[in-house]
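Hi,

Here is the structure I promised to pass on, with the sequence alongside. Have a look first, and my notes follow underneath.

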Amino acid sequence: MNAPDPSTGRRSNEAEFERARRVLVGGVNSAVRAFRAVGGTPRFIARAEGPYLWDVEGRRYVDYLGSWGPMIVGHSHPHVLERVRAAAGDGLSFGAPNVMETELAERLCRLFPQVERVRFTSSGTEAAMSALRLARGFTKRDKILKFEGCYHGTADSLLVKAGSGALAFGTPSSAGVPEDLARHTLVARFNDLASVADLFAAHPESIACVMVEPIPGNMNLILPAPGFLAGLRELCSRHGALLVFDEVMSGFRVALGGAQQIVGVQPDLSAFGKVIGGGMPVGAFGGPAAVMEMMAPLGPVYQAGTLSGNPIAMAAGLATLDLIAEDGFFDRLHARCGRLVDGLAAAARDAGVAFSARHLGGMAGMYMLAEPPAGYEQVLTQDVDRFKRFYHAMLAAGVYFPPSPVEAFFFSSAHGDEQVDFTLDAARRAFAEVA
Ligand code: KE4
């Protein structure tokens, strides 16, 4: 546990943040945790249970971050802990095949018809990065196409933003990514099929894959326009490119079968993460055997990982999937999350605040905009200052949302009427404060 503040003997978030910044870059191990988008001091979490987090000062929060998605059955679920404790008793890591890896892969193949073979990794970044390398190896093409506002982890080829002109090559969105590499990443606009068709026309027989979050959560929750994903499917098939659905966030979150169950479009490859690890480090990618078997050790596309398929992570993932596969799980999740979303919108309306919210299953978005945004450009027109003030008013009231106006938030089966009522009560006060 964190050392107490020497001057007071009590722990404080500020003191722990100051201490952390002396040895961890920015005091964090993932940039978005640093509260840069909302200001203020990150909360150092001491423990979590069900729908709640407690920080080192003993403050309790209703948690709608859910570790950025994994905690769909709530924190420290007894069934998950039981499976993890049992697995830990048998050893933490083998670096050799373990039956639980097969079991979890079998579940994925049953839930995603086009997935015949799976490869586990330890993060969503690795899953998306490896799916990309596989697409390039399978098609023998170097260019890839992604969308402005969609995030697929931190592989160099995916830290790329739109170039100056619509048909220009991508440019790095991070220092350290070579221009020569970024130019192989083309960037289109989500929900704008013409921008994709134009890039295919400008780069014939050069694009290995189109990678997309089918239901984006990294530019806040955005819904695919009717026909958009089917249009991507048709363009990829026509031009010999692979369609890659990055379901690291939407998979097992919007429905048991992910976004592809909702939208009825089947990609060539899918990337997964978050929920399938139940809070432990797991990523995965999968697709038809004919494509996946290009991967080592069977084929020439190399990929590996010391802790891939780690038994503790597999146990947590299997236990989580046991729970979310129960009859009616997603119907109940969608209905309860809907009460929260509708209640937030009503509270904002009563306070005269331009606000909107929507959700799918346990994935939700709220926007300081009168209407939900259709895409990336609209998301950026939010009243960010008002979001920051709302965010901190809710945090002070004991409600913990993701610390950014461009992130989705997450609802779990551990959230019940008590937590929703508590949240809406805090929201009514917060909206009145920021109106
Ligand atoms: P990880 O490497 O963080 O496990 O997964 C990367 C990733 C890939 N694809 C999608 C669609 C994702 O949402 C993510 C990770 N999501 C962020 C939240 N915006 C994780 C939070 C963080 O970066 O700390």
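The ligand lies between two domains, because domain 1 (13-64 + 327-434) and domain 2 (78-324) both give residues to the shell around the ligand. Please keep in mind that this is a predicted model.

How many residues surround the ligand? There are 16, and S30, T125, N218, D246 and E407 are the closest of them. Sorted by class, this shell holds seven polar, five nonpolar and four charged residues.

You will probably want the contact distances too, so here are those I have for nitrogen atoms of the ligand:

- D246: an N or O atom of the side chain is 2.7 Å from a nitrogen atom of the ligand.
- E407: a polar side-chain atom lies 2.8 Å from a nitrogen atom of the ligand.
- K274: an N or O atom of the side chain is 3.1 Å from a nitrogen atom of the ligand.

As for burial, the ligand on its own has 530 Å² of accessible area, and the protein covers 85% of that.

I also looked at the second largest pocket, which has a volume of about 460 Å³. Its lining is made up of 20 residues, and those nearest the centre of the pocket are V118, R119, F120, A296 and P297. Which element gives the largest share of this lining? That is β4, with four residues. Both β4 (117-121) and α3 (99-111) supply at least two residues each. By class, the lining divides into 11 nonpolar, five charged and four polar residues.

Two of the residues nearest the centre of that pocket, A296 and P297, are worth a look for their backbone as well. The peptide bond from A296 to P297 is cis, with omega near 10 degrees. P297 itself sits in the loop between α9 (289-292) and α10 (311-324).

One last backbone detail for your setup concerns S67. This residue is not a glycine, yet S67 has a positive phi of about 60 degrees. You will find S67 in the loop that runs between β3 (60-63) and α2 (78-89).

Over to you, and happy exploring!

Best wishes

Note on methods
Residues numbered from 1 in each chain as written. Predicted model: local features only at pLDDT ≥ 70, side-chain atom pairs only at ≥ 80, totals over all residues. Heavy atoms only, no water. Near = heavy atom within 4 Å. Polar contact = N/O pair within 3.5 Å; in protein donor to acceptor, adjacent residues only side chain to side chain. Areas by Shrake-Rupley, 256 points an atom, 1.4 Å probe, with all protein chains shown as cover. Nonpolar A, V, L, I, M, F, W, Y, C, P; charged D, E, K, R; others polar. Domains from an automatic or database assignment. 1 Å grid on protein atoms, 1.4 Å probe; cavity = no way out; pocket = protein on both sides within 12 Å on 5 of 7 lines; lining within 4 Å. Points joined across faces, edges and corners; volume = space filled by probe spheres on them.
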